Amino acid sequence: MPREIFQDKDNLNQRYHRKRALYLSHIAQHLSKEKLFGSVKFAYMNSNHLKPILLLRPQGKDEKMVTVRLHACPDPGLFKPSRFYPSKNNVRTAWFMEQGTPKEGATEPPTPHYNNSILCDTVMLSHLHLLSNAATDFPGMKDGLALLKVWLNQRQLSKGLGCFSGFLVSMLVAYLLMKRKIVKMMSGYQVLRSTLQFLATTDLSVTGISLAKDADPSLPVLDDFHQAFEVVFVDPSGLVNLCADMTASKYHQVQFEAKRSMEILDDRMVDGFQVLLMTPKPMLRTFDHVFHLKHVSKLQGTCKKMQLLNELMDRGGNYVAAALPFIVSLLARGLSQRAQLVAHSLPQISEWPIDAEPPKHKDIGPLTFGLLFVPEFAASMLEKGPQADHPEALEFRTFWGEKSELRRFQDGSICEAVVWEASTVCQKRLIPEQIIRHLLKLHADIPESSICYRGALLESVIRTGKEAWGTGEEAMVSVVCSYDDLSRKLWSLKELPLTVTAVQGVHPALRYTDVFPPIPVKPIYSFHNRRKHLLLPSEEKPCPAYITPLKIICHMEGSGQWPQDKGAIKRIKAAFHLQLAELLRQQHQLVCRPAVTHTDVYKDGYVFRLQVAYHREPLILKEVVTPEGMLKYQDTEESRQLELETLHLPYLTSSLHGLQQQHPVFGSTSRLAKRWISAQLLSDSISEECVDLLVAFLFLHPAPFTPPSSPQVGFLRFLTLLATFDWKNNPLIVNLNTGLTDSDCAEIKNKFAAARSRLPVMFLATPKDQWSSMWTRDRPSAQILQRLVLLASESRRALEEQLMDPLSDQDVKMVFRPPLDFYDVLIHLNPNQVPRHLESVDRPVKSASRGVVKNSSAMNILFPVVDYDPVQLYLQELRVTFDDLALFFYDKHGGEVIAVLWKPLSFQPQPFKVSSMKGRKVTTLNNELVCVPNVEAILEDFEILGEGLVKSVEARTEKWTI
């Protein structure tokens with residue numbers, strides 16, 4: 001900008017900034033008449049509203065490719081630098097407050113951010129020279145900076161007010177070059193590593209750094225900068241703080257990310273490039289809880305309440321920039337024990353046409369904050385303060401307001417403390433929400449209605465029963481306690497011919513991943529038909545509540561007495577089942593019901609299903625005698641199934657039980673994932689164990705994230721894993737109990753690549769199952785996996801849009817409501833005969849009584865109806881009967897619809913054969929007799945098979961017309 005347009009005191013009261021803006025407007029008006037430019041727009045430099053810049057884009061198809069950013073700078077010697085030291089004032093209070101005359105004797109506060117914004121314009125050229133000198137003869141710098149910029153972009157750190165921009169990271173590399181931490185011989189990867197290492201180990205909010213070489217005694221020192229700014233990185237002139245707008249919280253986030261990235265680069269089990277540079281980290285998937293400040297204009301009240309007039313003057317009236325650092329440090333103090341990181345989104349203002357009004361401060365939209373928890377302390381109910389007679393007690397009381405009260409502790413001390421109300425695990429997870437709402441109301445004058453907390457919105461779909469019961473964690477714990485007690489009783493049974501060597505639970509509730517854990521119940525006799533000691537479902541009444549049998553494997557010791565014939569072993573096991581029932585009844589007064597393959601035990605309101613196992617039985621089932629009379633061993637379907645039930649499933653259950661102890665939200669995350677799969681009608685197409693392992697993978701291999709500490713973030717990452725993992729070319733290795741070394745993993749990958757065509761479409765490897773992927777051997781099929789991937793990516797997109805938009809009032813259950821227009825036939829069921837009706841996503845307002853009452857102390861009772869779900873029995877019949885014609889889909893948690901898809905191949909006309917007439921009719925096509933499916937009769941069969949259960953059959957498409 002030419003010297004002539006400036007006058008003597010233009011450094012004061014935004015005069016310089018206003019002249020600069022006028023100058024740019026003048027240029028913009030001229031350039032907009034030129035044919036050369038496709039568009040001329042205004043934008044703010046890094047969203048700082050005092051610094052507009054011009055964006056020029058060429059005509060034609062290059063408009064999207066190229067943007068020229070026009071900055072306006074003053075003549076180098078125009079201002080005296082000493083006027084702009086961080087401690088100097090250049091905005092007068094009287095002018096800012098629009099008062100006539102300044103008060104007598106009032107001192108003016110320093111305006112470091114204002115000063116910095118003018119100085120930035122004076123040193124732009126010198127920064128350009130510095131960077132081009134650093135980059136000469138240093139090809140690695142260019143590559144390294146490209147990598148670092150991608151790294152910052154993926155973490156959403158490089159755009160907005162106070163961002164860690166590409167320019168800033170270039171200056172940091174120049175600084176490391178000056179300090180010889182980087183040399184010009186290094187490759188791009190080494191530049192990336194050295195820079196991340198420096199960021200991880202240096203806290204610029206405590207010890208700033210400076211590019212100024214010779215120390216001029218008249219220049220301000222680093223301490224002066226630290227008093228004025230939260231983060232300090234001084235440029236070569238010694239005057240400009242390059243991190244002036246950055247909050248300490250944002251720098252700590254960069255530092256945290258750099259530490260995490262260094263760990264990932266050093267971990268040989270992880271593909272560092274893919275994880276660090278190709279995986280985006282949006283706030284919703286990175287932080288455990290996210291909340292939005294809906295109306296940013298409320299921060300004007302905050303500035304008033306916190307008395308931030310000086311900051312407002314310094315920031316040119318931008319109340320968001322003035323209040324943000326104070327709000328973040330307030331939250332960080334309130335959550336100091338609970339959160340390892342409190343981060344905020346960067347305020348961004350988009351560009352605007354030159355003939356429009358410029359955006360206002362409130363146009364940045366909602367501000368988003370993210371919390372990353374310390375799992376051990378996040379949910380604690382007590383905030384313990386100093387002792388009552390200590391001087392800090394007053395400070396504690398002022399900070400927490402009326403929530404603080406005196407309490408006596410067990411060690412006899414009397415301290416200030418804050419106790420938060422929460423009875424269930426899911427309420428305890430939301431204690432941070434209570435803290436945030438309380439502190440923001442108390443200290444920042446932000447009303448609760450402006451805070452939109454997105455921490456646990458999804459958990460309503462795994463709520464059990466009434467609101468007060470929480471999300472089932474407590475129910476799961478009581479099941480496990482009851483199981484532990486039963487296993488102790490089994491260990492100590494007297495008079496058994498062989499002792500019990502091991503008792504292992506295999507039901508999902510015993511590894512904390514059962515979507516709706518069983519609740520202790522006792523049957524109402526009048527609701528059922530009685531037969532001797534048994535209760536049976538009554539035809540006149542609705543179907544009784546579904547009581548799930550909790551399966552337990554009882555291993556008996558080996559002995560020479562065991563027969564070596566498979567038929568005889570089964571009979572011996574049946575005898576053991578009878579004997580176990582008898583002894584449990586005599587010695588522990590438990591109600592039992594023996595059967596050939598198992599014994600059901602009613603205890604504490606639950607039903608446990610004991611199954612006896614003998615360790616050599618799978619081996620005996622593998623025996624095959626060849627025609628030559630040779631004995632050889634080969635896997636049979638039966639032996640495989642038995643090994644799965646008695647060896648692999650107990651091991652998996654105990655491993656995941658252990659994982660739950662390390663990561664308390666593993667169970668809830670897995671339950672959300674299963675509930676979603678079931679809601680998409682796919683629960684029969686993928687095994688529960690497979691979903692548990694996919695979720696375990698998120699906790700064992702979370703890179704580039706930290707392990708989830710809330711079910712919601714775990715679920716979002718589960719959807720991401722399903723949608724983005726390359727199932728075709730990679731095995732998913734779930735390293736349970738760290739049983740695999742990196743050489744094992746490499747071997748699994750190589751063998752997988754060699755044998756890909758023979759392996760399941762979704763291949764999961766675990767330490768105990770490296771080659772066979774037993775949990776996904778038969779399902780999902782390729783088409784189902786493709787559908788899952790599509791549903792997961794759509795659900796994630798919809799869900800993240802909803803969670804990031806606090807102003808829309810959509811229902812997050814939307815992703816749990818499946819699209820039904822894709823199916824050919826819908827079979828509508830009678831809700832009275834659906835035993836799990838209350839588990840549906842949209843809980844019915846009223847549902848039939850199910851003939852049980854909650855009770856865990858009943859002893860002598862008639863045995864309830866166990867494992868009776870008419871819909872599942874109906875589905876089995878449909879699948880057996882119409883397997884060649886159609887696929888059937890159902891939500892086992894209270895679905896009222898069975899969806900049917902015709903198999904396209906079976907609808908092609910077949911030549912007439914008497915043997916293949918099942919479900920077909922004969923017609924003539926081109927004068928030939930052919931068979932086609934008799935759709936009308938099949939739909940009628942659906943109704944006849946499900947009489948009493950089926951309400952109606954609705955044909956949706958005319959696909960079958962030939």
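**Exercise 1. Place Ser683: in which loop does it lie, and is it buried or exposed?**

Step 1. Find the loop. Ser683 sits between helix H22 (666-679) and helix H23 (688-700). Helices (H or I, at least four residues) and strands (E, at least two) are DSSP runs, numbered from the N terminus.

Step 2. Check the accessible area. Ser683 has a relative accessible area of 11%, so the residue is buried. Buried means under 20% relative accessible area, exposed over 50%, and partly exposed in between, with a 1.4 Å probe and protein chains only.

Step 3. List the contacts. Contact means heavy atoms within 4.5 Å. Neighbours within four places in sequence aside, Ser683 touches Ile677, Ser678, Arg779, Tyr890 and Lys892.

A note on the model: it is predicted, so local features need pLDDT of at least 70 and side-chain atom pairs count only at pLDDT 80 or more, while totals for chains, interfaces and linings use all residues. Residues are numbered from 1 along each chain as its sequence is written, and side-chain values use heavy atoms, with hydrogens and water left out.

**Exercise 2. Which peptide bonds at Pro704 and Pro780 are cis, and where do these prolines lie?**

Step 1. Take Pro704. A cis peptide bond links it to Ala703, with omega about 5°. Pro704 lies in the loop between H23 and helix H24 (711-724).

Step 2. Take Pro780. Its cis bond is with Arg779, and omega is about 0°. Pro780 belongs to the loop between strand S25 (764-765) and helix H26 (782-804).

**Exercise 3. Which residues of helix H27 are buried, and what covers them?**

Step 1. Describe the helix. H27 (residues 870-882) has 13 residues. From first C-alpha to last it reaches 18 Å, close to the 18 Å expected at 1.5 Å a residue. The expected span is 1.5 Å times one less than the number of residues.

Step 2. Pick the buried residues. They are Pro870, Val871, Tyr874, Leu875, Leu878 and Phe882. They cover an arc of only 135° around the axis, so they lie on the same side of H27. The arc is that of the directions from the helix axis to the C-beta atoms.

Step 3. Turn to the other side. There, Gln876 and Val880 are exposed.

Step 4. Name the cover. It includes strands S26 (825-829), S28 (886-890), S29 (897-902) and S33 (950-955), and helix H28 (935-945).

**Exercise 4. How does strand S26 pair with S29 and S33?**

Step 1. Count bridges. Two strands pair if DSSP finds at least two bridges between them. Four bridges join S26 to S29, and the strands run antiparallel. With S33, S26 pairs over five bridges, in the antiparallel sense.

Step 2. Find partners. Leu826 has Ala899 of S29 as its bridge partner. Val825 stands opposite Ala955 in S33.

Step 3. Check burial. Four of the five residues of S26 are buried.

**Exercise 5. At what angle do helices H6 and H7 cross, and which residues make the contact?**

Step 1. Read the geometry. The axes come within 11 Å and cross at roughly 95°. Axes are lines fitted to C-alpha atoms, for helices over the stretch in contact, and angles run from 0 to 180 degrees between N-to-C directions.

Step 2. Classify. H6 is roughly perpendicular to H7. Angles under 35 degrees count as roughly parallel, over 145 as roughly antiparallel, 65 to 115 as roughly perpendicular and the rest as oblique.

Step 3. Name the residues. H6 gives Val169, Leu172, Val173, Tyr175 and Leu176. H7 gives Val191, Ser194, Thr195, Phe198 and Leu199.
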